[in-house]
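Visitor: I should like to learn how the features of a protein model are read. May we go through them in turn?

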Amino acid sequence: MISQAQAQPQLNLPTTTLTILSYVRWNTPNPVSLCILNNSQLSNQFAQVNQQLKSAYQIQAINLSELNKVMCNAVFFSTYTPREEQNIINSLKDAPLTFSSNNAECELGSAFCLYQSKTRTSFKVNLSSLSQSRAHVDPRVLLLAKSTEP
């Protein structure tokens with residue numbers, strides 16, 4: 001039987017991201033909020049996968065101008081360069097856990113950098129950015145990232 005994520009490759013980014021989030025221990029009594037920055041189409045895909053997985057994450061599509069005004073435990077970048085991501089992260093009051101689908105090298109910017117091949121979605125980890133976030137990520141996630149590097 002083929003899962004929904006395998007049948008629809010474009011949903012692999014949200015599925016992988018939400019799976020990584022499931023390995024994070026949050027210090028908040030509220031539902032975890034994932035903000036998708038400047039990409040409402042991707043936000044809709046995240047909401048669809050979130051519902052399919054029966055996850056309790058709050059998915060929000062926001063614009064850059066709203067980022068410091070909205071509570072975001074995690075932020076997903078898809079339209080910025082790594083340098084722009086880093087500048088945005090540096091400007092934030094609180095350091096959310098960050099994800100990117102447009103940062104293949106993962107040397108600056110987001111903590112988790114997702115990339116897709118024809119058959120799967122993989123990710124790299126920027127340990128410097130991860131340490132700046134207020135999230136506690138299960139170390140097993142780091143082992144998965146290391147094993148998926150090309």
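Guide: Let us begin with burial: a residue is buried under 20% relative accessible area, exposed over 50%, and partly exposed in between, with a 1.4 Å probe and protein chains only. By that scale cysteine 35, at 0% relative accessibility, counts as buried. This is a predicted model, in which local features need pLDDT of at least 70 and side-chain atom pairs count only at pLDDT 80 or more, while totals for chains, interfaces and linings use all residues. Residues are numbered from 1 along each chain as its sequence is written, and side-chain values use heavy atoms, with hydrogens and water left out.

Visitor: How many disulfides are there, by the rule that is used to find them?

Guide: A disulfide is a covalent bond between the sulfur atoms of two cysteines. The rule accepts a pair of cysteine sulfur atoms within 2.5 Å, and the count comes to two disulfides. Cysteine 35 is joined to cysteine 72, with 1.9 Å from S to S. Cysteine 106 is joined to cysteine 113, with 2.2 Å from S to S. Counting bonded cysteines along the chain, the pattern is 1-2, 3-4.

Visitor: Which parts does the pair of cysteine 35 and cysteine 72 tie together?

Guide: Here helices (H or I, at least four residues) and strands (E, at least two) are DSSP runs, numbered from the N terminus. Cysteine 35 lies in strand 2 (residues 33-37) and cysteine 72 in the loop between strand 3 (58-62) and strand 4 (74-77), so the pair ties together parts that are 37 residues apart in sequence. Cysteine 72 counts as buried at 7% relative accessibility.

Visitor: Is each link left-handed or right-handed about the S-S bond?

Guide: The link of cysteine 35 and cysteine 72 is left-handed, with -90° about the S-S bond. The link of cysteine 106 and cysteine 113 is right-handed, at 75°. Cysteine 106 counts as buried at 6% relative accessibility, and cysteine 113 likewise counts as buried at 0%.

Visitor: In what order do the strands form the sheet?

Guide: Strands of a sheet pair through backbone hydrogen bonds, either parallel or antiparallel. Two strands are taken to pair if DSSP finds at least two bridges between them. In this model six strands form an open sheet in the order 3-2-4-5-6-7, with mixed pairing. Its edge strands are strand 3 and strand 7 (121-125), each of which pairs on one side only. From one strand to the next, the twist averages 25°.

Visitor: Which strands run parallel, and which antiparallel?

Guide: Strand 4 and strand 5 (residues 97-100) run parallel and are joined by four bridges; valine 75 has threonine 98 of strand 5 as its bridge partner. Strand 6 and strand 7 run antiparallel, joined by five bridges. These two strands form a hairpin with four residues between them, and phenylalanine 112 stands opposite valine 125 of strand 7.

Visitor: How many residues of strand 7 are buried?

Guide: In a regular strand the side chains alternate between the two faces of the sheet. In strand 7, five of its five residues are buried. Thr121, Phe123 and Val125 lie on one side and Ser122 and Lys124 on the other, so both faces are covered.

Visitor: Where does helix 2 lie with respect to the strands?

Guide: Axes are lines fitted to C-alpha atoms, for helices over the stretch in contact, and angles run from 0 to 180 degrees between N-to-C directions. Contact means heavy atoms within 4.5 Å. Helix 2 (residues 12-21) lies across strand 2, strand 3, strand 4, strand 5, strand 6 (112-116) and strand 7, running at about 150° to strand 6. Helix 2 is mostly covered, with nine of its 10 residues buried.

Visitor: At what angle do helix 2 and helix 3 pack?

Guide: Angles under 35 degrees count as roughly parallel, over 145 as roughly antiparallel, 65 to 115 as roughly perpendicular and the rest as oblique. Helix 2 and helix 3 (residues 40-52) pack at about 60°, with their axes 9 Å apart, and are therefore oblique to each other. The contact is made by Leu13, Pro14, Thr15, Thr17 and Leu18 of helix 2 and by Gln45, Phe46, Val49 and Asn50 of helix 3.
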